[in-house]
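Let's take a friendly walk through a protein model together. Have a look at the sequence and the fold, and then read on.

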Amino acid sequence: MIKLDNVSLVFQGGSVALSNVSTKIKEGEFVYLIGHSGSGKSSLLKLLYKEYVATKGDIDVVGMDVTTLPKWKVPILRRKLGIVTQEPQLLEDRTTFENISFALEVLGYEESEIEQKTSTLIELVELEESMYKFPSQLSGGEQTRACIARALASNPLLLLCDEPTGNLDPTLSTQIVTLLEKINRAGTTIVMATHDSSIVNRRKKRVLQLHQGKLMSDVPQGRYI
Ligand SMILES: Nc1ncnc2c1ncn2[C@@H]1O[C@H](COP(=O)(O)OP(=O)(O)O)[C@@H](O)[C@H]1O
Ligand SMILES: [Mg+2]
């Protein structure tokens, strides 16, 4: 599903975001990516969907060779992925329902399918009561749920989440993680960046730990870090 081989990312000016990272993630896994702020978590996720381009090394994602992928094929890669960015990026002038149905429209779904599929996604993330609200009327947790539903519009094989619980209190964070685990059980591979070690310790999934751009540890599922 994901293969990184000796990947480094150095920005212009010399700041090193990632340094010789190698790892593999199999289909169906749920993997936490942890590390302090600035350790390279977001950079690693962005390399996977070619928002950033590696300075060195090879990257393979959902069977595509990201390293050599030409720019015009990047949308093909991204259609196979669900991406939840750190700041919820909902369209402010559209309701929850419209934000999700718009994603389906962009993907080229037939109008008849869009309504049904939007409703299914809204049910999945339990936003039935907020589906006609605008983003500014949603709580932080609800906004994150809407982003997750929208990211799932393309039936992605892989869902990448960058600190989806970053601005939420512990109860809401647990609800989001429980939702992601449900999505994972239904077959979607998940990589979630977080600096919240309390979540990670409680859920006992595989944990990749970054420190100053280096992969410091890889703790298998079921163990405490
Ligand atoms: N677009 C960018 N330009 C320059 N430096 C960047 C950029 N994005 C990230 N960095 C640097 O790369 C390092 C890792 O950042 P980041 O991946 O955002 O870490 P994290 O998500 O773990 O907080 C930091 O030192 C950050 O300043
Ligand atoms: Mg980050």
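Helices (H or I, at least four residues) and strands (E, at least two) are DSSP runs, numbered from the N terminus. This is a predicted model, in which local features need pLDDT of at least 70 and side-chain atom pairs count only at pLDDT 80 or more, while totals for chains, interfaces and linings use all residues. Residues are numbered from 1 along each chain as its sequence is written, and chains are lettered from A and ligands numbered from 1 in the order in which they are written.

**Two residues with positive phi**

Asparagine 20 belongs to strand 2 (residues 16–25). Valine 62 sits in the loop between strand 4 (56–61) and strand 5 (64–65). Each has a positive phi although it is not a glycine: near 50° for asparagine 20 and near 40° for valine 62.

To describe surroundings, we count other C-beta atoms, placed from the backbone, within 10 Å of a residue's own: 20 or more is buried, 12 or fewer is exposed, and anything in between is partly exposed. The table lists four residues with their counts.

| Residue | Other C-beta atoms within 10 Å | Class |
|---|---|---|
| Asparagine 20 | 14 C-beta atoms | partly exposed |
| Valine 62 | 17 C-beta atoms | partly exposed |
| Asparagine 155 | 12 C-beta atoms | exposed |
| Aspartate 196 | 18 C-beta atoms | partly exposed |

**Helix 6**

Helix 6 covers residues 170–185, which is 16 residues, and runs 22 Å from its first C-alpha to its last, close to the expected 22 Å. That expected span is 1.5 Å times one less than the number of residues.

Which residues of helix 6 are buried? They are Ser173, Ile176, Val177, Leu180 and Ile183. These residues lie on the same side of helix 6 because they cover an arc of only 115° around the axis; the arc is taken over the directions from the helix axis to the C-beta atoms. On the face turned away from that buried side, helix 6 carries the exposed residues Thr171, Thr178, Lys182 and Arg185.

What do the buried residues of helix 6 pack against? Their partners are helix 5 (140–151), strand 7 (158–162), strand 8 (189–194) and helix 7 (197–203). Just after helix 6, glycine 187 has a positive phi of about 120°.

**Contacts and the core**

Two residues are in contact if their C-beta atoms, placed from the backbone, lie within 7 Å. Aspartate 196, in the loop between strand 8 and helix 7, touches Thr165 and Ser173, leaving out residues up to four places away in sequence. Its C-alpha is 7.8 Å from that of isoleucine 34, although the two are 162 residues apart in sequence.

A nonpolar core is a set of buried Ala, Val, Leu, Ile, Met, Phe, Trp, Tyr and Cys residues joined through C-beta atoms within 7 Å. The largest one has 57 residues, and Leu33, Ala149 and Leu160 have the most contacts inside it. Beyond its neighbours within four places in sequence, leucine 160 has contacts that include Leu45, Tyr49, Ile83 and Val191.

**Around the ligand**

A residue counts as near a molecule if its C-beta atom, placed from the backbone, lies within 6 Å of it. The residues surrounding ligand 1 include Phe11, Ala17, Gly35, Lys41 and Ser43. Helix 1 (residues 41–48) gives the most to this shell, with three residues. The shell divides into two nonpolar, eight polar and one charged. Here Ala, Val, Leu, Ile, Met, Phe, Trp, Tyr, Cys and Pro count as nonpolar, Asp, Glu, Lys and Arg as charged, and the others, Gly among them, as polar.
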